[in-house]
Amino acid sequence: MAVIIHASPYMVLSRATCRSFGKMAPGSLLSLQGNSPVGVFSVLYKSRCCSYLGGDSSKRRSRGPIMAAKKVAEGLKQDEGKYKHTVDLPKTSFSMRANSSTKEPEIQKLWDENKVFDRIVESNTGESFVLHDGPPYANGDLHMGHALNKILKDIINRYKLLQNYKVQYIPGWDCHGLPIELKVLQSLDEDSRKNLTPMKLREKAAKFAKSTVKMQMASFKRYGVWAAWNDSYLTLNPEYEAAQIEVFARMALKGYIYRGRKPVHWSPSSRTALAEAELEYPEGHVSRSIYAIFKLVSPSPLLDSSLDDFFPDVGLAIWTTTPWTVPANAAIAVNGLLQYAIVEVESSLEGPSLSSGDKKKRLGNVLMGEKMPYLIVAADLVPALEAKWGVKLSVKKVLPGSNLENCRYAHPIDGKDCPVVIGGDYITTESGTGLVHTAPGHGQEDYVTGLKYGLPILSPVNDDGQFTDEAGQFSGLDVLGDGNAAVVNFLDEQSSIIMEESYQHKYPYDWRSKKPTIFRATEQWFASVEGFREAAMDAIGQVKWVPSQASNRISAMVSGRSDWCISRQRTWGVPIPVFYDKVSKEPLLDEETISHIKSIISRKGSDAWWYMKVEDLLPEKYRDKAANYEKGTDTMDVWFDSGSSWAAVLGQRNGLRFPADLYLEGTDQHRGWFQSSLLTSIATEGKAPYMGVVTHGFVLDEKGLKMSKSLGNVVDPYTIIEGGNNQKEAPGYGADVLRLWVSSVDYTGDVMIGPQMLRQISDMYRKLRGTLRYLLANLHDWKAEDAVSYNDLPMIDQYALYQLENVARNIKLSYENYQFFKIFQIIQRFVIVDLSNFYFDVAKDRLYVGGTTSFTRKSCQTVLAAHLLSITRVIAPILPHLAEDVWQNLPFTHTLEDGSIAKFVFDAKWPVTKELWLTLSPEDSKLWEEMLELRTEVNKVLETARGGKLIGSSLEAKVSLFTSDTIFARKLSKMVAATNDVDNLHRIFITSQAEVLSSLEEDVTASVPYTGECEINGKKVWVGVSRADGSKCERCWNYTSHVGSFPEHPTLCGRCYNVVSVQPDRPLAAAVS
């Protein structure tokens, strides 16, 4: 809707009205309207438009008296200053500047000295709330992911504290494993590494981990995180390690732990097996793939003589991205449900040079010769293979895959006969040839197929990723390097290569060394997930997942995962408590041996496994046979370490409970800690270790790119808080600005941060601080006994409390649903925009010049106090330093229901629900909606009148209104006639007069120089602006005909005369801008 503003003798068209203003962000207050008990948020949004055209003018019309008073307070000469001492100036010691680098540590020290966290947990009378901390690695400085994670946890914990819960939050650290071992090794020179014994390595690793924990703990504290820091858990502590051994024992005794030879992810660079959670899949990996021929030597019984026409020149065509696994080939697998074609290669296009190894593709020798072979491939793939190889393939025969079972072919390297077998549904026609080279020692699906057919599990590769003597001529070559090339070259020399091609795809890398891994069959310890998979799937469905789709992700991972390899070939970790017979290599692992080891480790720590003798580690029952046994050297997967934390922490610490109320970590933990915790808990306890799980995304730069040192886009949380070397380019914003950023993002996906975003967040923080300062400053002389009862409050004050209660309710709902970005939006729009631009703007008149002890000022202060106490507490979980700073500057004490004084903001608990404040009738609520919109339209006509030099300040204006809607006109007239000097229309408009006309006769409107027309909720309203009647009051600057009526004070209006007459002289306080 557009409003037409008439200015005699010409016409001006205004901008679009407020109702079409703004581009609301997703999740805005309008979208929250359905959550509001009484649907107040459309009003809140419209009210922000009060500053649309009149933002600057509102300062002109309301700050005159206070600015004049400030000048007197500052000792400046004034021509007219005799009433300035009667103005009630705002006053507070609360600084506009946060000075976070100094102030926040002071507040944290105040909390520590008064043991605020511990005391509140102790005094709270509600239920326990347990957010179980996932342990970060103790191996380096903190990054933005750590900051996001810990601050989210702290926001939740602090909210629960305000809700009277006994919050139990024990921070933890993951202290074992390769990341820390590598840090130690990297710090040593070559000679030191040679002389490094296992015990020396473990000693250095423990020292490094503990020092890192101390450093990280200090950083977390600086973020403002509250926790039981003196009672934190470390996975290297003896009591933790003993609890972990207990979990292992219970799983072993139930038959879930076994030792077997099967393919696992192996890192040659780290020389250890890896779990899925220890892998990453970087973009851009290129493998050297080949299409190869394995020569068929005999048909299956089902085919009998039907292949005679093609022998001896028929071969099975396979495709593989790992040529180095061909020496371990034991079979070729086909899909029994697919159709396969015997094709003749009839012609070949001229291919690239054989020596062009750096090309993306090249043809092999077999297609360069004169005699072309017959090939067996999936029938559906013939056209694709023709295009890929650049040849014409003529189909000679089609047969079902099931008929190929038990055909025999010659191994392309050693010539031995191998079978064709039926594989699983992993064999498709999406890529390749439809036939799969099967090496049970180098692939999970191959392994399963191998077990089905009793195939040999060959893996001629050592710990360093080099071929062993089993690989014959390739012995000693690196399988990911020259060994791979040697296999390809040999196959080509034997005319077994159809084509070699570079193939870009996802490939697993060691997440620590950043180097590629291999699949390799080794003797390892496994947890049989199959034994409790169904129970785990059922438990997932009983957990509340945030966001809800996280349930689908972890369900897919658990349903499809293979058995869990829990052994690692490292020194720094918790040992797998097993002994081996020196001759037979049979493991000794029973209830007595594990119980004895657990008892030792609980007293001496896991180091005992390395320094104690076998006879001392064995229980009494086996002591006399100690000479026959040796200790195992494998340690447990670190995911088994952290995945046992529910047992070591929740099951051991006083005040905690199992399962925890909440786990909260990054989305990558669906395959990490969330999953390992679930599996160990289900296997031993039969239920999930958590009732709820919240996951967050990764932190990217403000362009949406992954942070990396090479790109120079890393955002460091320490620099955000304290600033960089160049404070101009990288100013220190403090922990609260960092926390405010955390609350502003929808953490359920990846989030972005950068200099521009931080400046915007800092600006909002500054405005919020200014709003709170305004409240403090205008309550400097207020006491609880000054409060005006709700029923006696003017309508505008009741409406302000109605808005406040709805805002508090919606903020609470957002906390409960962990939707902190909605809280950010509510605060931004209500506290900073709506409250400041409407209620505060209108309130200044009665606060400053209404009279110190007047009803109008006390009623306003009653509302301001309610806002201050409520806003300070509802922002406290997100901005604890700001909230505490405000609380320590309260000009009055806040007494709790039990009569005690809330010395700290978290003593005060969450604001008590005020049902009375929601009793405002729907009719009155609607009226204030319309008044806020009408005020916006009046401001536009005022602005036009100011542009035409009719007025300067809005107090120089008189507003005239007309509407043909009799009900609305009656309500407006009632406000004109209000006797409380608060709800009056001219006070709402901040003008000197306002009237409602009974008609729009020409003789009435002719003298009105500026007019406009608008529509308010379907009701047409005419707006007129003219010069105010009467003279200007020297004290309040309002115009009235009463000025000059009081001989003692001839320059004052009636209101100011009454104030001055009863108000004694008092010293002028310093003003707050």
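Helix axes here are lines fitted to C-alpha atoms over the stretch in contact, and the angle between two of them runs from 0 to 180 degrees between N-to-C directions. With that in hand, let's walk through this predicted model, starting with a pair of helices.

Helix H25 (residues 795–816) and helix H26 (residues 820–849) pack with their axes 10 Å apart and at an angle of about 170°. Angles over 145 degrees count as roughly antiparallel, and H25 and H26 are therefore roughly antiparallel to each other. Their crossing is left-handed. If you want to look at the contact itself, the H25 side includes Ile 796, Leu 804, Val 807 and Ile 811. On the H26 side, the residues met include Phe 820, Ile 823, Phe 830, Tyr 839 and Arg 846.

Next, have a look at an open sheet of 5 strands, which runs in the order E4-E3-E30-E31-E23 with parallel pairing. Its edges are strand E4 (166–168) and strand E23 (544–546), each of which pairs on one side only. On average, neighbouring strands of this sheet are turned by 20° against each other, direction ignored. At the E23 edge, the partner is strand E31 (residues 692–696), and the two pair in the parallel sense over 3 bridges. There, Lys 544 stands opposite Gly 692 in E31.

E23 also leads us to helix H14 (residues 533–542), whose buried residues are Arg 533, Ala 536, Ala 539 and Ile 540. They sit on the same side of H14, because they cover an arc of only 120° around the axis. That fits a general rule: an α-helix has 3.6 residues a turn, so residues three or four places apart point the same way. What do the buried residues of H14 pack against? Their partners are E23, helix H15 (550–560) and helix H21 (673–685). Turn to the face pointing away from the buried side, and you'll find the exposed residues Glu 534, Gly 541 and Gln 542.

Our last stop is strand E37 (residues 1019–1027). Of its 9 residues, 7 are buried, so E37 is largely enclosed by the rest of the structure. E37 pairs with strand E34 (residues 957–963) in the antiparallel sense over 7 bridges, and in that pairing Val 959 has Val 1025 of E37 as its bridge partner. Strand E36 (residues 1010–1016) pairs with E37 too, again antiparallel and over 7 bridges. Here Glu 1013 stands opposite Trp 1022 in E37. E36 and E37 form a hairpin with 2 residues between the strands, and in this hairpin Asn 1017 takes a positive phi near 55°.

How values were computed
Residues numbered from 1 in each chain as written. Predicted model: local features only at pLDDT ≥ 70, side-chain atom pairs only at ≥ 80, totals over all residues. Heavy atoms only, no water. Pairing = 2+ DSSP bridges. Helix = DSSP H or I, 4+ residues; strand = E, 2+ residues; numbered from the N terminus. Buried < 20%, exposed > 50% of the residue type's maximum accessible area, 1.4 Å probe, protein only. Arc of directions from axis to C-beta. Contact = heavy atoms within 4.5 Å. Parallel < 35°, antiparallel > 145°, perpendicular 65-115°, else oblique. Left-handed = near helix turned anticlockwise from the far one by under 90°.
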